[in-house]
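This briefing sets out selected features of the structure shown below. The points are grouped by topic.

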Amino acid sequence: MNRISIKLATYFIVTVLIMESLLMVYLHQTIVHSRIDEEYSQLMSKGSNHREVLEDNFSDDTMRHIVLMEYGSERRVVIADEQFNVIIRSEGETKTVDTLLNRISSQEFTEDQVIEKNWKGEDFIASLHPYKLNGEHAGYVILFQSTDTIQSLVKKLNFHFMLAGLASLIILCLVYIILSRFLTAPLIRMKEATEKLSRGDFNVKLPSQGKDELGDLSVAIQKLASDLERVKKERIEFLASISHELRTPLTYLSGYSKVAMRPELTEEDRQKYLAIIDEESIRLTELVKNLFDLAKMNETSFTVSKQAFQSMPFFSHLYKRMLPSFNIKGIQLEMKSLENFEVCADPLRLEQIVMNLLDNALKYSPTGTTTSLEIEQKNDKTVIRVTDQGIGIPKTDMENIFERLFRVEKSRSREYGGSGLGLSIVKELVEAHGGSIEVKSELGKGSQFTIMI
(Lines give C-alpha, C1' and ligand atoms only; values in the text may rest on other atoms or scores of the structure.)
Protein backbone atom coordinates (compact mmCIF):
# COMPACT_ATOMS: atom_id res chain seq x y z
CA MET A 1 0.00 0.00 0.00
CA ASN A 2 3.01 2.28 0.51
CA ARG A 3 3.60 1.96 -3.22
CA ILE A 4 0.19 3.46 -3.92
CA SER A 5 0.97 6.30 -1.55
CA ILE A 6 4.32 6.98 -3.25
CA LYS A 7 2.83 6.75 -6.73
CA LEU A 8 -0.02 9.03 -5.77
CA ALA A 9 2.40 11.57 -4.29
CA THR A 10 4.75 11.32 -7.27
CA TYR A 11 2.02 11.80 -9.87
CA PHE A 12 0.45 14.62 -7.89
CA ILE A 13 3.69 16.49 -7.16
CA VAL A 14 5.08 16.08 -10.70
CA THR A 15 1.81 17.25 -12.26
CA VAL A 16 1.51 20.27 -9.98
CA LEU A 17 5.21 21.14 -10.37
CA ILE A 18 4.97 21.05 -14.16
CA MET A 19 1.89 23.27 -14.14
CA GLU A 20 3.43 25.57 -11.55
CA SER A 21 6.76 25.78 -13.43
CA LEU A 22 5.01 26.72 -16.67
CA LEU A 23 2.93 29.30 -14.86
CA MET A 24 5.93 30.74 -13.00
CA VAL A 25 8.03 30.96 -16.19
CA TYR A 26 5.17 32.73 -17.92
CA LEU A 27 4.69 35.16 -15.01
CA HIS A 28 8.44 35.74 -14.68
CA GLN A 29 8.89 36.56 -18.35
CA THR A 30 5.80 38.74 -18.36
CA ILE A 31 6.94 40.76 -15.34
CA VAL A 32 10.52 41.14 -16.66
CA HIS A 33 9.41 42.22 -20.14
CA SER A 34 6.85 44.58 -18.69
CA ARG A 35 9.46 46.19 -16.44
CA ILE A 36 12.01 46.48 -19.28
CA ASP A 37 9.39 47.99 -21.58
CA GLU A 38 8.62 50.45 -18.81
CA GLU A 39 12.34 51.35 -18.58
CA TYR A 40 12.52 51.84 -22.37
CA SER A 41 9.42 54.01 -22.25
CA GLN A 42 10.78 56.17 -19.44
CA LEU A 43 14.13 56.49 -21.24
CA MET A 44 12.42 57.53 -24.48
CA SER A 45 10.20 60.03 -22.64
CA LYS A 46 13.13 61.58 -20.79
CA GLY A 47 15.20 61.85 -23.98
CA SER A 48 12.31 63.45 -25.84
CA ASN A 49 11.95 66.06 -23.12
CA HIS A 50 15.64 66.91 -23.33
CA ARG A 51 15.45 67.23 -27.10
CA GLU A 52 12.43 69.55 -26.93
CA VAL A 53 14.15 71.76 -24.35
CA LEU A 54 17.24 71.92 -26.57
CA GLU A 55 15.24 72.76 -29.68
CA ASP A 56 13.32 75.50 -27.86
CA ASN A 57 16.46 77.22 -26.53
CA PHE A 58 19.64 75.95 -28.10
CA SER A 59 22.64 77.29 -26.24
CA ASP A 60 25.66 76.15 -24.26
CA ASP A 61 23.82 76.95 -21.05
CA THR A 62 20.87 74.82 -22.09
CA MET A 63 23.14 71.90 -22.92
CA ARG A 64 24.93 72.25 -19.57
CA HIS A 65 21.53 72.43 -17.88
CA ILE A 66 20.42 69.18 -19.57
CA VAL A 67 23.60 67.41 -18.46
CA LEU A 68 23.19 68.83 -14.97
CA MET A 69 19.61 67.52 -14.77
CA GLU A 70 20.90 63.94 -15.03
CA TYR A 71 23.68 64.46 -12.50
CA GLY A 72 23.52 61.89 -9.70
CA SER A 73 21.10 59.62 -11.59
CA GLU A 74 21.77 56.34 -13.34
CA ARG A 75 21.46 58.09 -16.69
CA ARG A 76 24.17 59.71 -18.83
CA VAL A 77 23.55 62.34 -21.52
CA VAL A 78 25.56 62.91 -24.67
CA ILE A 79 24.77 65.79 -27.05
CA ALA A 80 26.43 65.42 -30.44
CA ASP A 81 26.33 67.10 -33.80
CA GLU A 82 25.02 65.40 -36.95
CA GLN A 83 28.38 63.62 -37.50
CA PHE A 84 28.22 62.24 -33.95
CA ASN A 85 30.98 64.53 -32.71
CA VAL A 86 30.43 65.00 -28.97
CA ILE A 87 29.52 68.56 -28.02
CA ILE A 88 28.94 67.89 -24.33
CA ARG A 89 28.55 64.77 -22.17
CA SER A 90 27.91 63.69 -18.61
CA GLU A 91 30.85 62.77 -16.44
CA GLY A 92 31.57 59.12 -15.80
CA GLU A 93 32.34 55.96 -17.74
CA THR A 94 33.12 56.83 -21.38
CA LYS A 95 34.35 53.59 -22.93
CA THR A 96 30.91 52.08 -23.50
CA VAL A 97 29.57 55.41 -24.71
CA ASP A 98 32.40 55.88 -27.22
CA THR A 99 32.01 52.31 -28.46
CA LEU A 100 28.31 52.83 -29.12
CA LEU A 101 28.94 56.23 -30.83
CA ASN A 102 31.54 54.68 -33.13
CA ARG A 103 29.14 51.88 -34.03
CA ILE A 104 26.29 54.18 -35.02
CA SER A 105 28.34 57.06 -36.46
CA SER A 106 27.94 55.80 -39.99
CA GLN A 107 24.15 55.64 -39.71
CA GLU A 108 21.54 58.34 -40.10
CA PHE A 109 18.55 58.61 -37.79
CA THR A 110 15.45 60.73 -38.36
CA GLU A 111 13.27 59.83 -35.38
CA ASP A 112 13.47 58.86 -31.72
CA GLN A 113 14.38 55.25 -31.07
CA VAL A 114 16.08 52.86 -28.65
CA ILE A 115 19.47 52.08 -30.11
CA GLU A 116 20.73 49.70 -27.41
CA LYS A 117 18.36 47.07 -25.96
CA ASN A 118 20.83 44.45 -24.78
CA TRP A 119 20.29 44.89 -21.05
CA LYS A 120 21.71 41.44 -20.29
CA GLY A 121 25.09 41.89 -21.99
CA GLU A 122 25.73 45.64 -21.82
CA ASP A 123 26.23 48.11 -18.99
CA PHE A 124 23.79 50.61 -20.52
CA ILE A 125 20.67 50.79 -22.59
CA ALA A 126 20.43 53.86 -24.82
CA SER A 127 17.95 55.95 -26.74
CA LEU A 128 18.67 58.43 -29.56
CA HIS A 129 16.70 61.61 -30.23
CA PRO A 130 17.51 63.77 -33.31
CA TYR A 131 17.07 67.53 -32.79
CA LYS A 132 16.56 70.26 -35.35
CA LEU A 133 17.57 73.94 -35.53
CA ASN A 134 15.73 76.23 -37.88
CA GLY A 135 14.02 73.19 -39.42
CA GLU A 136 17.29 71.52 -40.27
CA HIS A 137 18.75 68.42 -38.67
CA ALA A 138 21.53 69.61 -36.34
CA GLY A 139 22.50 66.68 -34.13
CA TYR A 140 21.45 64.11 -31.53
CA VAL A 141 20.59 63.86 -27.87
CA ILE A 142 21.70 60.40 -26.74
CA LEU A 143 20.53 59.16 -23.34
CA PHE A 144 22.25 56.23 -21.64
CA GLN A 145 20.81 54.38 -18.63
CA SER A 146 22.63 51.84 -16.49
CA THR A 147 21.28 48.28 -16.63
CA ASP A 148 22.10 47.73 -12.93
CA THR A 149 18.53 48.58 -11.94
CA ILE A 150 17.02 46.12 -14.41
CA GLN A 151 19.46 43.36 -13.51
CA SER A 152 18.85 43.97 -9.80
CA LEU A 153 15.11 43.71 -10.41
CA VAL A 154 15.54 40.46 -12.34
CA LYS A 155 17.71 39.01 -9.55
CA LYS A 156 15.06 39.91 -6.98
CA LEU A 157 12.38 38.36 -9.16
CA ASN A 158 14.46 35.20 -9.55
CA PHE A 159 14.97 35.01 -5.78
CA HIS A 160 11.29 35.50 -5.01
CA PHE A 161 10.23 33.00 -7.66
CA MET A 162 12.70 30.44 -6.31
CA LEU A 163 11.36 31.12 -2.82
CA ALA A 164 7.81 30.64 -4.10
CA GLY A 165 8.84 27.40 -5.80
CA LEU A 166 10.42 26.09 -2.59
CA ALA A 167 7.34 27.10 -0.61
CA SER A 168 5.15 25.32 -3.17
CA LEU A 169 7.24 22.18 -2.82
CA ILE A 170 6.87 22.29 0.96
CA ILE A 171 3.13 22.82 0.61
CA LEU A 172 2.91 19.87 -1.81
CA CYS A 173 4.72 17.70 0.71
CA LEU A 174 2.22 18.76 3.37
CA VAL A 175 -0.61 17.99 0.97
CA TYR A 176 0.94 14.57 0.37
CA ILE A 177 1.05 13.91 4.12
CA ILE A 178 -2.60 14.94 4.39
CA LEU A 179 -3.55 12.76 1.42
CA SER A 180 -1.65 9.85 2.93
CA ARG A 181 -3.60 10.26 6.12
CA PHE A 182 -7.05 10.84 4.70
CA LEU A 183 -6.84 8.79 1.48
CA THR A 184 -4.25 6.04 1.65
CA ALA A 185 -4.75 5.34 5.37
CA PRO A 186 -8.39 4.25 4.81
CA LEU A 187 -7.23 2.14 1.87
CA ILE A 188 -4.67 0.44 4.12
CA ARG A 189 -7.40 -0.30 6.68
CA MET A 190 -9.61 -1.72 3.93
CA LYS A 191 -6.74 -3.89 2.69
CA GLU A 192 -6.21 -5.21 6.22
CA ALA A 193 -9.96 -5.86 6.48
CA THR A 194 -9.98 -7.90 3.25
CA GLU A 195 -6.97 -9.88 4.50
CA LYS A 196 -8.92 -10.70 7.66
CA LEU A 197 -11.85 -11.81 5.50
CA SER A 198 -9.56 -14.06 3.44
CA ARG A 199 -8.38 -15.72 6.69
CA GLY A 200 -11.97 -16.41 7.69
CA ASP A 201 -12.16 -13.66 10.32
CA PHE A 202 -15.38 -11.83 9.54
CA ASN A 203 -15.33 -9.58 12.60
CA VAL A 204 -14.44 -6.47 10.59
CA LYS A 205 -15.25 -2.94 11.69
CA LEU A 206 -14.45 -0.03 9.37
CA PRO A 207 -15.06 3.62 10.29
CA SER A 208 -17.41 5.69 8.18
CA GLN A 209 -15.59 7.37 5.26
CA GLY A 210 -18.28 9.79 4.16
CA LYS A 211 -20.42 9.68 1.02
CA ASP A 212 -17.70 9.41 -1.61
CA GLU A 213 -16.10 6.46 -3.43
CA LEU A 214 -14.05 5.53 -0.36
CA GLY A 215 -17.20 5.59 1.74
CA ASP A 216 -19.00 3.35 -0.76
CA LEU A 217 -16.06 0.93 -0.76
CA SER A 218 -15.98 0.87 3.04
CA VAL A 219 -19.72 0.17 3.20
CA ALA A 220 -19.36 -2.58 0.55
CA ILE A 221 -16.54 -4.30 2.50
CA GLN A 222 -18.50 -4.00 5.75
CA LYS A 223 -21.59 -5.48 4.06
CA LEU A 224 -19.48 -8.28 2.58
CA ALA A 225 -18.10 -9.08 6.05
CA SER A 226 -21.63 -9.13 7.51
CA ASP A 227 -22.91 -11.34 4.68
CA LEU A 228 -20.00 -13.75 5.05
CA GLU A 229 -20.55 -13.88 8.81
CA ARG A 230 -24.22 -14.62 8.25
CA VAL A 231 -23.43 -17.28 5.62
CA LYS A 232 -20.92 -18.87 8.00
CA LYS A 233 -23.51 -19.03 10.78
CA GLU A 234 -26.16 -20.37 8.40
CA ARG A 235 -23.73 -23.01 7.13
CA ILE A 236 -22.92 -24.12 10.67
CA GLU A 237 -26.61 -24.21 11.58
CA PHE A 238 -27.42 -25.99 8.31
CA LEU A 239 -24.80 -28.67 8.88
CA ALA A 240 -25.85 -29.07 12.51
CA SER A 241 -29.49 -29.42 11.48
CA ILE A 242 -28.63 -31.89 8.71
CA SER A 243 -26.55 -33.90 11.15
CA HIS A 244 -29.46 -33.95 13.58
CA GLU A 245 -32.02 -34.79 10.91
CA LEU A 246 -29.95 -37.66 9.56
CA ARG A 247 -28.95 -38.96 12.98
CA THR A 248 -32.54 -39.22 14.22
CA PRO A 249 -33.88 -41.67 11.57
CA LEU A 250 -30.58 -43.55 11.54
CA THR A 251 -30.83 -44.00 15.31
CA TYR A 252 -34.34 -45.33 14.91
CA LEU A 253 -33.28 -47.61 12.08
CA SER A 254 -30.36 -49.00 14.05
CA GLY A 255 -32.29 -49.35 17.31
CA TYR A 256 -35.43 -50.95 15.93
CA SER A 257 -33.41 -53.20 13.62
CA LYS A 258 -31.65 -54.67 16.64
CA VAL A 259 -34.97 -55.02 18.45
CA ALA A 260 -36.60 -56.67 15.41
CA MET A 261 -33.76 -59.22 15.24
CA ARG A 262 -34.50 -60.56 18.75
CA PRO A 263 -35.61 -64.19 18.42
CA GLU A 264 -38.03 -64.02 21.34
CA LEU A 265 -40.24 -61.41 19.67
CA THR A 266 -43.69 -62.37 18.50
CA GLU A 267 -44.50 -62.00 14.85
CA GLU A 268 -46.93 -59.21 15.64
CA ASP A 269 -44.29 -57.17 17.51
CA ARG A 270 -41.73 -57.88 14.82
CA GLN A 271 -44.08 -56.51 12.15
CA LYS A 272 -44.72 -53.44 14.29
CA TYR A 273 -41.00 -52.71 14.57
CA LEU A 274 -40.46 -53.44 10.87
CA ALA A 275 -43.24 -50.92 10.06
CA ILE A 276 -41.40 -48.29 12.14
CA ILE A 277 -38.16 -49.14 10.32
CA ASP A 278 -39.95 -48.79 6.99
CA GLU A 279 -41.45 -45.45 8.04
CA GLU A 280 -38.04 -44.10 9.08
CA SER A 281 -36.48 -45.41 5.86
CA ILE A 282 -39.05 -43.50 3.81
CA ARG A 283 -38.42 -40.38 5.93
CA LEU A 284 -34.65 -40.71 5.43
CA THR A 285 -35.06 -41.25 1.69
CA GLU A 286 -37.24 -38.13 1.38
CA LEU A 287 -34.74 -36.08 3.40
CA VAL A 288 -31.81 -37.17 1.23
CA LYS A 289 -33.83 -36.48 -1.91
CA ASN A 290 -34.65 -32.95 -0.72
CA LEU A 291 -31.02 -32.30 0.15
CA PHE A 292 -29.99 -33.53 -3.26
CA ASP A 293 -32.48 -31.13 -4.89
CA LEU A 294 -31.08 -28.22 -2.89
CA ALA A 295 -27.53 -29.17 -3.83
CA LYS A 296 -28.48 -29.22 -7.51
CA MET A 297 -30.00 -25.74 -7.16
CA ASN A 298 -26.69 -24.41 -5.88
CA GLU A 299 -24.75 -25.81 -8.84
CA THR A 300 -24.23 -23.97 -12.09
CA SER A 301 -25.59 -27.00 -13.93
CA PHE A 302 -29.10 -26.41 -12.56
CA THR A 303 -31.37 -25.03 -15.28
CA VAL A 304 -35.09 -24.58 -15.86
CA SER A 305 -36.24 -25.77 -19.26
CA LYS A 306 -39.51 -24.02 -20.01
CA GLN A 307 -42.00 -25.35 -22.52
CA ALA A 308 -45.65 -24.77 -23.36
CA PHE A 309 -48.33 -27.26 -22.29
CA GLN A 310 -52.05 -27.33 -21.44
CA SER A 311 -53.07 -26.69 -17.85
CA MET A 312 -56.00 -29.12 -17.43
CA PRO A 313 -54.25 -32.39 -18.39
CA PHE A 314 -51.16 -31.48 -16.32
CA PHE A 315 -52.92 -30.48 -13.09
CA SER A 316 -55.56 -33.21 -13.42
CA HIS A 317 -52.75 -35.77 -13.48
CA LEU A 318 -51.23 -34.27 -10.31
CA TYR A 319 -54.63 -34.22 -8.61
CA LYS A 320 -55.21 -37.92 -9.35
CA ARG A 321 -51.73 -38.83 -8.05
CA MET A 322 -52.22 -37.03 -4.73
CA LEU A 323 -55.91 -37.90 -4.16
CA PRO A 324 -55.32 -41.41 -2.65
CA SER A 325 -52.94 -40.05 0.00
CA PHE A 326 -55.51 -37.43 1.05
CA ASN A 327 -58.29 -40.05 1.09
CA ILE A 328 -56.25 -42.36 3.34
CA LYS A 329 -55.85 -39.55 5.92
CA GLY A 330 -59.48 -38.52 5.58
CA ILE A 331 -58.82 -35.11 4.02
CA GLN A 332 -60.88 -33.89 1.10
CA LEU A 333 -58.82 -32.67 -1.88
CA GLU A 334 -60.50 -30.34 -4.37
CA MET A 335 -59.24 -28.99 -7.70
CA LYS A 336 -60.65 -25.73 -9.05
CA SER A 337 -59.86 -24.72 -12.61
CA LEU A 338 -62.26 -22.55 -14.61
CA GLU A 339 -60.67 -23.04 -18.00
CA ASN A 340 -57.96 -24.83 -19.92
CA PHE A 341 -55.09 -22.54 -20.91
CA GLU A 342 -51.47 -22.71 -22.01
CA VAL A 343 -48.79 -22.81 -19.32
CA CYS A 344 -45.13 -21.89 -20.02
CA ALA A 345 -42.92 -23.59 -17.43
CA ASP A 346 -40.65 -26.55 -16.75
CA PRO A 347 -43.18 -29.42 -16.30
CA LEU A 348 -40.86 -31.47 -14.05
CA ARG A 349 -40.05 -28.52 -11.76
CA LEU A 350 -43.64 -27.25 -11.69
CA GLU A 351 -44.78 -30.74 -10.67
CA GLN A 352 -42.19 -30.66 -7.88
CA ILE A 353 -43.50 -27.27 -6.71
CA VAL A 354 -47.14 -28.35 -6.56
CA MET A 355 -46.36 -31.75 -5.03
CA ASN A 356 -44.35 -30.11 -2.24
CA LEU A 357 -47.17 -27.67 -1.42
CA LEU A 358 -49.80 -30.42 -1.45
CA ASP A 359 -47.55 -32.66 0.65
CA ASN A 360 -47.17 -29.83 3.18
CA ALA A 361 -50.96 -29.43 3.33
CA LEU A 362 -51.33 -33.18 3.83
CA LYS A 363 -48.78 -33.27 6.69
CA TYR A 364 -50.08 -30.28 8.62
CA SER A 365 -53.86 -30.71 8.17
CA PRO A 366 -56.02 -32.80 10.51
CA THR A 367 -58.58 -35.42 9.42
CA GLY A 368 -61.93 -34.06 8.23
CA THR A 369 -60.54 -30.86 6.69
CA THR A 370 -60.45 -29.72 3.06
CA THR A 371 -57.48 -28.79 0.88
CA SER A 372 -58.03 -27.02 -2.44
CA LEU A 373 -55.84 -26.68 -5.52
CA GLU A 374 -56.88 -23.67 -7.63
CA ILE A 375 -55.41 -22.82 -11.04
CA GLU A 376 -56.16 -19.74 -13.16
CA GLN A 377 -54.61 -17.47 -15.75
CA LYS A 378 -54.15 -13.79 -14.88
CA ASN A 379 -52.38 -11.21 -17.05
CA ASP A 380 -50.75 -13.96 -19.17
CA LYS A 381 -49.36 -15.60 -16.00
CA THR A 382 -50.25 -18.86 -14.33
CA VAL A 383 -51.57 -18.46 -10.78
CA ILE A 384 -51.60 -21.54 -8.51
CA ARG A 385 -53.18 -21.50 -5.03
CA VAL A 386 -52.97 -24.28 -2.47
CA THR A 387 -55.29 -23.65 0.50
CA ASP A 388 -55.54 -25.92 3.55
CA GLN A 389 -57.30 -25.94 6.92
CA GLY A 390 -54.25 -27.08 8.87
CA ILE A 391 -52.40 -25.84 11.92
CA GLY A 392 -51.47 -22.49 10.35
CA ILE A 393 -48.32 -20.43 10.80
CA PRO A 394 -47.66 -17.91 13.61
CA LYS A 395 -47.04 -14.34 12.44
CA THR A 396 -43.62 -14.38 14.10
CA ASP A 397 -42.54 -17.27 11.84
CA MET A 398 -43.94 -15.98 8.54
CA GLU A 399 -40.63 -14.43 7.42
CA ASN A 400 -38.65 -17.61 8.12
CA ILE A 401 -40.76 -20.37 6.62
CA PHE A 402 -38.78 -20.39 3.35
CA GLU A 403 -35.44 -20.81 5.11
CA ARG A 404 -33.80 -24.20 4.90
CA LEU A 405 -34.51 -26.59 7.77
CA PHE A 406 -36.87 -24.10 9.43
CA ARG A 407 -39.94 -25.74 10.98
CA VAL A 408 -42.87 -23.96 12.57
CA GLU A 409 -43.41 -26.73 15.14
CA LYS A 410 -39.92 -28.04 15.97
CA SER A 411 -41.18 -29.82 19.07
CA ARG A 412 -43.77 -31.68 16.97
CA SER A 413 -41.59 -32.33 13.92
CA ARG A 414 -41.69 -36.07 14.34
CA GLU A 415 -45.48 -36.01 14.65
CA TYR A 416 -45.90 -34.19 11.31
CA GLY A 417 -42.81 -35.64 9.60
CA GLY A 418 -41.52 -32.35 8.21
CA SER A 419 -37.84 -31.82 7.41
CA GLY A 420 -37.96 -28.06 6.92
CA LEU A 421 -36.73 -28.33 3.32
CA GLY A 422 -39.92 -28.50 1.25
CA LEU A 423 -40.80 -24.77 1.22
CA SER A 424 -37.19 -23.70 0.62
CA ILE A 425 -37.16 -26.00 -2.44
CA VAL A 426 -40.47 -24.51 -3.64
CA LYS A 427 -39.13 -20.95 -3.31
CA GLU A 428 -35.89 -21.81 -5.15
CA LEU A 429 -37.80 -23.40 -8.03
CA VAL A 430 -40.37 -20.57 -8.29
CA GLU A 431 -37.62 -17.94 -8.42
CA ALA A 432 -35.75 -20.02 -11.01
CA HIS A 433 -38.87 -19.63 -13.17
CA GLY A 434 -38.77 -15.86 -12.59
CA GLY A 435 -41.97 -16.08 -10.54
CA SER A 436 -43.07 -15.19 -7.02
CA ILE A 437 -44.65 -16.93 -4.03
CA GLU A 438 -46.85 -15.41 -1.33
CA VAL A 439 -48.33 -16.91 1.82
CA LYS A 440 -51.31 -16.01 3.98
CA SER A 441 -51.94 -17.90 7.18
CA GLU A 442 -53.83 -17.77 10.46
CA LEU A 443 -52.77 -19.89 13.38
CA GLY A 444 -55.15 -22.79 13.92
CA LYS A 445 -57.19 -22.03 10.78
CA GLY A 446 -54.92 -22.91 7.87
CA SER A 447 -52.67 -21.44 5.19
CA GLN A 448 -52.83 -20.32 1.58
CA PHE A 449 -49.82 -20.37 -0.72
CA THR A 450 -50.10 -18.40 -3.99
CA ILE A 451 -47.61 -18.91 -6.82
CA MET A 452 -47.41 -16.69 -9.89
CA ILE A 453 -45.26 -17.91 -12.83
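In this predicted model, R75 is partly exposed because its relative accessibility is 21%, where buried would require under 20%. The side chain of R75 forms a salt bridge with that of E70, at 3.0 Å from N to O. E70 itself counts as buried, since its relative accessibility is 2%.

**Salt bridges**

- Side chains of opposite charge can pair when their charged atoms come close.
- The structure contains 14 salt bridges, including the E70–R75 pair.
- E116 and R103 also meet through their side chains in a salt bridge, with an N to O distance of 3.0 Å.
- Because E116 belongs to strand β3 and R103 to helix α3, this pair ties together parts that are 13 residues apart in sequence.
- E116 is classed as buried on account of its 10% relative accessibility, whereas R103, at 45%, is partly exposed.
- A further salt bridge joins K445 and E442, whose closest N and O atoms are 3.4 Å apart.
- K445 is exposed, with a relative accessible area of 57%, while E442 is partly exposed, with 45%.
- R35, E38 and E39 are joined into one network by salt bridges that share partners.

**Helix α3 and its surroundings**

- Helix α3, which spans residues 95-104, has T96, V97, L100, L101 and I104 as buried residues.
- Viewed down the helix axis, the buried residues of α3 fall within an arc of 135°, and they therefore line one face of the helix.
- The exposed residues K95 and N102 are carried on the face of α3 turned away from its buried side.
- Cover for the buried residues of α3 includes strands β1 (75-81), β2 (86-89), β3 (113-116), β4 and β5 (136-146).
- R103, the salt-bridge partner of E116, lies in this helix, and E116 lies in β3, one of the elements that cover the buried residues of α3.

**Aromatic pairs**

- Across the whole structure, 7 aromatic pairs are found.
- The ring centres of F58 and Y131 are 5.9 Å apart and their planes meet at 25°; stacked pairs have planes under 30 degrees apart, so this pair is stacked.
- F58 is in the loop between α1 (2-56) and α2 (60-69), and Y131 is in strand β4 (residues 124-133), so the pair ties together parts that are 73 residues apart in sequence.
- The two partners differ in burial class: F58 is partly exposed, with 35% relative accessibility, and Y131 is buried, with 1%.
- F314 and F315 form an edge-to-face pair, at 5.1 Å centre to centre and with 90° between the planes.
- Both of these residues, F314 and F315, are buried.
- F84, F109 and Y140 are linked into a cluster by ring pairs.

**A further approach to Y131**

- E52, a residue of helix α1, has its C-alpha atom 7.7 Å from that of Y131.
- E52 and Y131 are 79 residues apart along the chain.
- E52 counts as partly exposed because its relative accessibility is 39%, a value between the limits of 20% and 50%.

**Nonpolar surface patch**

- L166, L169, I170, L174 and I177 form a nonpolar patch on the surface.
- Together, the residues of this patch have about 460 Å² of accessible area.
- One of them, L169, lies in helix α4, which covers residues 148-198.
- With a relative accessibility of 33%, L169 counts as partly exposed.

**The chain as a whole**

- The protein chain comprises 10 helices and 12 strands.
- Of its 453 residues, 38% are buried.
- Among contacts in the chain with a separation of 6 or more, 64% are between residues 24 or more positions apart.
- About 27,000 Å² of the protein chain is exposed, and carbon and sulfur atoms supply 55% of that area.

Notes
Residues numbered from 1 in each chain as written. Predicted model: local features only at pLDDT ≥ 70, side-chain atom pairs only at ≥ 80, totals over all residues. Heavy atoms only, no water. Phe/Tyr/Trp six-rings, centres within 6.5 Å; stacked < 30°, edge-to-face > 60°. Helix = DSSP H or I, 4+ residues; strand = E, 2+ residues; numbered from the N terminus. Buried < 20%, exposed > 50% of the residue type's maximum accessible area, 1.4 Å probe, protein only. Patch = residues over 30% accessible without salt bridge, like charges linked within 9 Å, V, L, I, M, F, W, Y side chains within 5 Å. Areas by Shrake-Rupley, 256 points an atom, 1.4 Å probe, with all protein chains shown as cover. Salt bridge = Lys/Arg side-chain N within 4 Å of Asp/Glu carboxyl O. Arc of directions from axis to C-beta. Contact = heavy atoms within 4.5 Å.
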